[in-house]
Amino acid sequence: MSEPLLAERLARAITLGGPIPVSQFMAAANAHYYATRDPLGAAGDFTTAPEISQMFGELIGAWAADQWDRAGRPAVAWVELGPGRGTLSADALRVMARAGLTPSVHLVETSATLRAAQAERLPGATWHDSLNTLPEDVPLLVVANEFFDALPIRQLVRRADAWHERLVACQDTLFVPIAGATVPDTIVPPALRDAAPGAVIETSPAGVAVMADLAARIVAQGGAALVVDYGYEGPAIGDTLQAVRAHAFANPFEAPGEQDLTAHVDLATLGLVATASGARCEGPVGQGAFLRALGIDQRAAALGERVTQDRDRLVEQMGELFKVIAVTHDQWPRPAGFA
(Lines give C-alpha, C1' and ligand atoms only; values in the text may rest on other atoms or scores of the structure.)
Protein backbone atom coordinates (compact mmCIF):
# COMPACT_ATOMS: atom_id res chain seq x y z
CA MET A 1 0.00 0.00 0.00
CA SER A 2 1.45 3.35 -0.99
CA GLU A 3 1.88 6.25 1.38
CA PRO A 4 -1.03 8.31 -0.01
CA LEU A 5 -3.47 5.43 0.53
CA LEU A 6 -2.61 5.05 4.22
CA ALA A 7 -2.64 8.83 4.78
CA GLU A 8 -5.96 9.08 2.98
CA ARG A 9 -7.45 6.26 5.03
CA LEU A 10 -6.43 7.92 8.28
CA ALA A 11 -7.61 11.31 7.07
CA ARG A 12 -10.97 9.89 6.07
CA ALA A 13 -11.38 8.13 9.41
CA ILE A 14 -10.58 11.33 11.30
CA THR A 15 -12.86 13.43 9.09
CA LEU A 16 -15.77 11.05 9.66
CA GLY A 17 -15.17 10.12 13.28
CA GLY A 18 -13.19 13.01 14.72
CA PRO A 19 -9.61 13.26 15.99
CA ILE A 20 -8.01 10.02 17.20
CA PRO A 21 -5.67 9.38 20.16
CA VAL A 22 -1.94 9.52 19.52
CA SER A 23 -1.81 5.82 20.41
CA GLN A 24 -4.22 4.93 17.61
CA PHE A 25 -2.30 7.03 15.08
CA MET A 26 1.02 5.46 16.13
CA ALA A 27 -0.38 1.92 16.03
CA ALA A 28 -1.77 2.36 12.52
CA ALA A 29 1.39 4.00 11.20
CA ASN A 30 3.78 1.39 12.63
CA ALA A 31 1.61 -1.56 11.59
CA HIS A 32 1.81 -0.37 7.97
CA TYR A 33 5.46 0.58 8.22
CA TYR A 34 6.74 -2.77 9.49
CA ALA A 35 4.45 -4.79 7.24
CA THR A 36 5.80 -3.22 4.05
CA ARG A 37 9.59 -3.12 4.39
CA ASP A 38 12.84 -4.17 6.01
CA PRO A 39 13.70 -0.91 7.80
CA LEU A 40 17.19 -1.87 8.95
CA GLY A 41 20.67 -1.09 7.69
CA ALA A 42 22.25 1.52 5.47
CA ALA A 43 19.51 1.21 2.85
CA GLY A 44 16.78 1.44 5.48
CA ASP A 45 15.85 3.98 8.12
CA PHE A 46 17.83 2.96 11.20
CA THR A 47 20.43 0.53 12.56
CA THR A 48 20.07 -1.39 15.81
CA ALA A 49 22.80 -2.67 18.12
CA PRO A 50 22.84 -6.26 16.74
CA GLU A 51 23.44 -4.86 13.25
CA ILE A 52 26.32 -2.68 14.49
CA SER A 53 28.38 -5.58 15.81
CA GLN A 54 28.20 -9.32 16.42
CA MET A 55 29.49 -8.59 19.93
CA PHE A 56 26.07 -7.39 21.07
CA GLY A 57 24.25 -10.63 20.31
CA GLU A 58 27.19 -12.75 21.42
CA LEU A 59 27.27 -11.16 24.86
CA ILE A 60 23.52 -11.56 25.27
CA GLY A 61 23.92 -15.22 24.30
CA ALA A 62 26.62 -15.60 26.93
CA TRP A 63 24.34 -13.89 29.45
CA ALA A 64 21.52 -16.33 28.67
CA ALA A 65 23.81 -19.36 28.80
CA ASP A 66 25.12 -18.24 32.18
CA GLN A 67 21.58 -17.90 33.53
CA TRP A 68 20.69 -21.35 32.22
CA ASP A 69 23.84 -22.96 33.58
CA ARG A 70 23.45 -21.55 37.08
CA ALA A 71 19.75 -22.51 37.06
CA GLY A 72 20.70 -26.16 36.66
CA ARG A 73 20.61 -26.48 32.86
CA PRO A 74 16.88 -27.12 32.42
CA ALA A 75 15.13 -27.51 29.08
CA VAL A 76 14.26 -23.95 28.00
CA ALA A 77 12.79 -21.98 25.10
CA TRP A 78 14.58 -19.00 23.55
CA VAL A 79 12.24 -16.11 22.75
CA GLU A 80 12.94 -12.83 20.99
CA LEU A 81 10.34 -10.07 20.79
CA GLY A 82 10.60 -8.00 17.61
CA PRO A 83 13.69 -9.79 16.27
CA GLY A 84 14.42 -7.55 13.28
CA ARG A 85 16.41 -9.60 10.76
CA GLY A 86 17.19 -12.31 13.32
CA THR A 87 20.77 -11.12 13.71
CA LEU A 88 20.73 -10.90 17.52
CA SER A 89 19.26 -14.38 17.94
CA ALA A 90 21.65 -15.91 15.41
CA ASP A 91 24.69 -14.46 17.20
CA ALA A 92 23.31 -15.36 20.64
CA LEU A 93 22.41 -18.94 19.69
CA ARG A 94 25.88 -19.53 18.27
CA VAL A 95 27.42 -18.66 21.64
CA MET A 96 24.79 -20.61 23.57
CA ALA A 97 25.51 -23.73 21.50
CA ARG A 98 29.18 -23.54 22.47
CA ALA A 99 28.04 -23.66 26.11
CA GLY A 100 25.83 -26.70 25.45
CA LEU A 101 22.55 -24.78 25.28
CA THR A 102 20.41 -25.51 22.19
CA PRO A 103 16.91 -24.27 23.03
CA SER A 104 13.84 -24.25 20.84
CA VAL A 105 13.60 -20.86 19.13
CA HIS A 106 10.46 -18.71 19.19
CA LEU A 107 10.13 -15.33 17.50
CA VAL A 108 7.31 -12.87 18.18
CA GLU A 109 6.97 -11.06 14.87
CA THR A 110 3.97 -9.92 12.81
CA SER A 111 5.76 -8.58 9.72
CA ALA A 112 5.86 -11.06 6.82
CA THR A 113 8.79 -9.13 5.34
CA LEU A 114 10.88 -9.45 8.50
CA ARG A 115 9.82 -13.07 9.06
CA ALA A 116 11.33 -13.90 5.68
CA ALA A 117 14.63 -12.27 6.68
CA GLN A 118 14.57 -14.07 10.02
CA ALA A 119 13.94 -17.44 8.35
CA GLU A 120 17.21 -17.12 6.44
CA ARG A 121 19.19 -16.86 9.68
CA LEU A 122 16.98 -18.97 11.95
CA PRO A 123 15.45 -21.72 9.77
CA GLY A 124 14.29 -23.83 12.71
CA ALA A 125 12.36 -21.07 14.45
CA THR A 126 8.68 -20.97 15.31
CA TRP A 127 6.89 -17.66 14.74
CA HIS A 128 4.18 -16.10 16.90
CA ASP A 129 1.92 -13.10 16.40
CA SER A 130 1.89 -12.41 20.16
CA LEU A 131 3.01 -13.85 23.48
CA ASN A 132 -0.24 -15.82 23.72
CA THR A 133 1.06 -18.86 21.84
CA LEU A 134 4.53 -19.15 23.38
CA PRO A 135 5.41 -22.48 25.05
CA GLU A 136 3.94 -22.91 28.52
CA ASP A 137 5.76 -26.05 29.65
CA VAL A 138 9.38 -24.85 29.96
CA PRO A 139 11.23 -21.84 31.38
CA LEU A 140 11.69 -18.93 28.95
CA LEU A 141 14.86 -17.03 28.09
CA VAL A 142 13.58 -13.84 26.51
CA VAL A 143 15.24 -10.85 24.88
CA ALA A 144 13.47 -7.67 23.76
CA ASN A 145 15.87 -5.25 22.10
CA GLU A 146 14.24 -2.03 20.84
CA PHE A 147 10.83 -3.67 21.05
CA PHE A 148 8.95 -1.63 23.64
CA ASP A 149 9.89 1.72 22.05
CA ALA A 150 7.73 0.95 18.99
CA LEU A 151 4.59 0.11 20.98
CA PRO A 152 1.85 2.77 20.91
CA ILE A 153 1.94 5.44 23.59
CA ARG A 154 -0.77 7.58 25.11
CA GLN A 155 0.02 11.27 25.58
CA LEU A 156 -1.53 13.73 28.02
CA VAL A 157 -0.91 17.45 27.56
CA ARG A 158 -1.30 20.11 30.24
CA ARG A 159 -3.37 23.19 29.53
CA ALA A 160 -4.03 26.07 31.95
CA ASP A 161 -7.22 24.46 33.20
CA ALA A 162 -6.43 20.74 33.32
CA TRP A 163 -4.77 17.75 31.71
CA HIS A 164 -6.11 16.71 28.32
CA GLU A 165 -5.81 13.63 26.14
CA ARG A 166 -3.60 14.43 23.16
CA LEU A 167 -5.29 13.63 19.87
CA VAL A 168 -4.37 13.76 16.20
CA ALA A 169 -6.53 15.90 13.90
CA CYS A 170 -6.11 16.48 10.17
CA GLN A 171 -6.70 19.03 7.46
CA ASP A 172 -6.69 17.28 4.07
CA THR A 173 -3.77 14.91 4.78
CA LEU A 174 -1.91 17.24 7.14
CA PHE A 175 -1.91 15.61 10.58
CA VAL A 176 -1.47 17.74 13.70
CA PRO A 177 -1.59 17.04 17.44
CA ILE A 178 -4.30 18.82 19.43
CA ALA A 179 -5.62 18.82 22.99
CA GLY A 180 -8.75 16.71 23.35
CA ALA A 181 -11.07 16.11 26.27
CA THR A 182 -9.93 16.68 29.83
CA VAL A 183 -8.85 13.72 31.91
CA PRO A 184 -9.16 13.33 35.70
CA ASP A 185 -6.14 14.33 37.76
CA THR A 186 -6.23 10.90 39.41
CA ILE A 187 -4.64 9.29 36.34
CA VAL A 188 -1.67 11.70 36.51
CA PRO A 189 1.18 10.85 38.92
CA PRO A 190 0.84 13.17 41.94
CA ALA A 191 4.31 14.67 41.51
CA LEU A 192 3.46 15.76 37.96
CA ARG A 193 -0.08 17.12 38.36
CA ASP A 194 0.97 20.76 38.73
CA ALA A 195 3.29 20.81 35.72
CA ALA A 196 3.43 23.96 33.59
CA PRO A 197 1.05 24.42 30.65
CA GLY A 198 2.34 22.65 27.57
CA ALA A 199 3.88 19.79 29.55
CA VAL A 200 3.37 16.29 28.11
CA ILE A 201 3.17 12.98 29.96
CA GLU A 202 3.46 9.67 28.15
CA THR A 203 2.26 6.22 29.15
CA SER A 204 2.30 2.95 27.25
CA PRO A 205 -0.68 0.74 28.12
CA ALA A 206 0.47 -1.66 25.40
CA GLY A 207 3.94 -1.91 26.95
CA VAL A 208 2.51 -2.45 30.41
CA ALA A 209 0.28 -5.25 29.08
CA VAL A 210 3.19 -7.01 27.37
CA MET A 211 5.38 -6.78 30.47
CA ALA A 212 2.59 -8.03 32.74
CA ASP A 213 2.06 -11.04 30.47
CA LEU A 214 5.78 -11.72 30.15
CA ALA A 215 6.43 -11.45 33.90
CA ALA A 216 3.45 -13.69 34.69
CA ARG A 217 4.84 -16.35 32.34
CA ILE A 218 8.27 -16.18 33.96
CA VAL A 219 6.69 -16.48 37.41
CA ALA A 220 4.67 -19.50 36.29
CA GLN A 221 7.31 -21.23 34.15
CA GLY A 222 10.69 -19.97 35.35
CA GLY A 223 13.30 -18.18 33.29
CA ALA A 224 14.59 -14.69 32.65
CA ALA A 225 13.94 -11.79 30.29
CA LEU A 226 16.29 -9.04 29.18
CA VAL A 227 14.85 -5.72 27.98
CA VAL A 228 17.15 -3.27 26.18
CA ASP A 229 15.74 0.03 24.97
CA TYR A 230 16.34 3.73 24.95
CA GLY A 231 14.46 5.29 27.78
CA TYR A 232 14.32 6.71 31.26
CA GLU A 233 13.24 6.07 34.82
CA GLY A 234 9.82 7.66 35.13
CA PRO A 235 7.31 8.98 35.66
CA ALA A 236 8.55 12.13 33.97
CA ILE A 237 7.51 15.10 31.88
CA GLY A 238 8.48 15.08 28.21
CA ASP A 239 7.29 14.56 24.65
CA THR A 240 9.53 11.82 23.22
CA LEU A 241 7.46 10.73 20.23
CA GLN A 242 9.82 10.76 17.26
CA ALA A 243 10.13 9.59 13.68
CA VAL A 244 13.23 8.34 11.89
CA ARG A 245 13.50 8.15 8.13
CA ALA A 246 16.69 7.48 6.15
CA HIS A 247 18.72 7.72 9.40
CA ALA A 248 17.48 11.24 10.15
CA PHE A 249 14.79 12.58 12.47
CA ALA A 250 11.51 13.62 10.86
CA ASN A 251 8.13 15.05 11.85
CA PRO A 252 6.24 12.12 13.46
CA PHE A 253 2.93 13.41 12.10
CA GLU A 254 4.05 13.41 8.48
CA ALA A 255 3.88 10.47 6.05
CA PRO A 256 2.20 7.96 8.39
CA GLY A 257 3.37 4.44 7.66
CA GLU A 258 6.48 5.58 5.78
CA GLN A 259 8.74 6.23 8.77
CA ASP A 260 9.50 4.54 12.07
CA LEU A 261 7.61 5.99 15.05
CA THR A 262 9.07 5.40 18.51
CA ALA A 263 8.96 6.85 22.01
CA HIS A 264 11.33 6.56 24.94
CA VAL A 265 10.54 3.70 27.29
CA ASP A 266 9.78 4.17 30.97
CA LEU A 267 11.88 1.25 32.16
CA ALA A 268 11.20 1.96 35.82
CA THR A 269 7.48 1.49 35.26
CA LEU A 270 8.09 -1.75 33.36
CA GLY A 271 10.14 -2.95 36.32
CA LEU A 272 7.33 -2.10 38.73
CA VAL A 273 4.86 -4.01 36.55
CA ALA A 274 7.17 -7.03 36.63
CA THR A 275 7.55 -6.99 40.41
CA ALA A 276 3.81 -6.49 40.86
CA SER A 277 3.39 -9.71 38.88
CA GLY A 278 5.66 -11.56 41.32
CA ALA A 279 8.88 -11.52 39.31
CA ARG A 280 12.23 -10.06 40.34
CA CYS A 281 13.63 -7.06 38.46
CA GLU A 282 17.22 -5.85 38.18
CA GLY A 283 18.16 -2.43 36.80
CA PRO A 284 17.81 -0.22 34.93
CA VAL A 285 21.50 0.11 34.16
CA GLY A 286 23.08 1.82 31.16
CA GLN A 287 23.80 -0.36 28.14
CA GLY A 288 27.45 0.65 28.28
CA ALA A 289 27.90 -0.49 31.89
CA PHE A 290 25.97 -3.68 31.17
CA LEU A 291 28.11 -4.63 28.17
CA ARG A 292 31.32 -3.80 30.00
CA ALA A 293 30.25 -6.03 32.89
CA LEU A 294 29.65 -8.86 30.40
CA GLY A 295 33.13 -8.46 28.90
CA ILE A 296 32.76 -6.42 25.73
CA ASP A 297 36.24 -4.92 26.15
CA GLN A 298 37.83 -8.36 26.26
CA ARG A 299 35.77 -9.53 23.29
CA ALA A 300 36.68 -6.42 21.29
CA ALA A 301 40.36 -6.97 22.02
CA ALA A 302 40.09 -10.55 20.78
CA LEU A 303 38.40 -9.45 17.54
CA GLY A 304 41.03 -6.79 16.84
CA GLU A 305 41.16 -3.15 15.82
CA ARG A 306 38.37 -3.46 13.24
CA VAL A 307 35.72 -3.52 15.99
CA THR A 308 37.00 -0.57 18.03
CA GLN A 309 34.50 1.87 16.48
CA ASP A 310 31.68 -0.63 16.94
CA ARG A 311 32.58 -1.08 20.59
CA ASP A 312 32.66 2.68 21.13
CA ARG A 313 29.29 3.12 19.46
CA LEU A 314 27.66 0.45 21.64
CA VAL A 315 29.34 1.46 24.90
CA GLU A 316 29.99 5.19 24.64
CA GLN A 317 27.51 6.69 22.15
CA MET A 318 24.58 4.43 23.10
CA GLY A 319 25.81 3.58 26.57
CA GLU A 320 23.63 5.92 28.64
CA LEU A 321 20.72 6.58 26.31
CA PHE A 322 19.99 2.86 26.12
CA LYS A 323 19.16 1.08 29.34
CA VAL A 324 18.74 -2.52 30.42
CA ILE A 325 16.50 -4.33 32.88
CA ALA A 326 16.31 -8.04 33.65
CA VAL A 327 13.16 -9.81 34.85
CA THR A 328 13.67 -13.20 36.46
CA HIS A 329 11.89 -15.89 38.41
CA ASP A 330 12.66 -15.39 42.09
CA GLN A 331 14.17 -18.89 42.32
CA TRP A 332 16.47 -18.34 39.37
CA PRO A 333 20.00 -16.97 39.92
CA ARG A 334 20.70 -13.27 40.00
CA PRO A 335 21.58 -12.24 36.46
CA ALA A 336 25.02 -11.04 35.44
CA GLY A 337 25.58 -7.45 34.36
CA PHE A 338 23.76 -5.73 37.22
CA ALA A 339 26.09 -4.57 39.98
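This passage describes a small sheet, a helix pair, a pocket and several backbone features of a predicted model.

An open sheet is formed by three strands in the order S12-S11-S13, and the pairing is antiparallel. Strand S12 (248-250) and strand S13 (260-262) are the edge strands, since each pairs on one side only. From one strand to the next, the twist averages 40 degrees. Strand S11 (residues 242-245) runs antiparallel to S12, and three bridges join the two. Within this pairing, Ala243 stands opposite Ala250 in S12.

The loop between S11 and S12 contains Ala246. Although Ala246 is not a glycine, its phi is positive, at about 55 degrees. A further backbone feature is found in the loop between strand S10 (223-232) and S11, where Pro235 is located. The peptide bond that joins Gly234 and Pro235 is cis, with an omega of about 5 degrees. A cis peptide bond also runs from Gly283 to Pro284, and its omega is near 10 degrees. Pro284, in contrast to a loop residue, lies in a strand, S15 (residues 280-286).

Helix packing was examined for helix H9 (residues 287-294) and helix H11 (residues 308-317), whose axes are 7 Å apart and meet at an angle of about 125 degrees. H9 is therefore oblique to H11, as the angle falls neither in the range of 65 to 115 degrees that counts as roughly perpendicular nor over 145, which counts as roughly antiparallel. On the side of H9, the contact is made by Gln287, Gly288, Leu291 and Arg292, while H11 contributes Arg311, Leu314, Val315 and Glu316. By class, the residues of this contact comprise three nonpolar, two polar and three charged.

The second largest pocket holds about 360 Å³ of space. Its lining consists of 22 residues, and those nearest the centre of the pocket are Glu202, Thr203, Ser204, Asp266 and Thr269. At least two lining residues are supplied by each of strand S6 (154-158), strand S9 (200-203), helix H7 (205-221), strand S14 (265-266) and helix H8 (267-276). S9 provides the largest share of the lining, with three residues. In terms of residue class, 14 nonpolar, five polar and three charged residues line the second largest pocket.

Key:
Residues numbered from 1 in each chain as written. Predicted model: local features only at pLDDT ≥ 70, side-chain atom pairs only at ≥ 80, totals over all residues. Heavy atoms only, no water. Pairing = 2+ DSSP bridges. Helix = DSSP H or I, 4+ residues; strand = E, 2+ residues; numbered from the N terminus. Axes fitted to C-alpha atoms, helices over the stretch in contact; angles between N-to-C directions. Parallel < 35°, antiparallel > 145°, perpendicular 65-115°, else oblique. Contact = heavy atoms within 4.5 Å. Nonpolar A, V, L, I, M, F, W, Y, C, P; charged D, E, K, R; others polar. 1 Å grid on protein atoms, 1.4 Å probe; cavity = no way out; pocket = protein on both sides within 12 Å on 5 of 7 lines; lining within 4 Å. Points joined across faces, edges and corners; volume = space filled by probe spheres on them.
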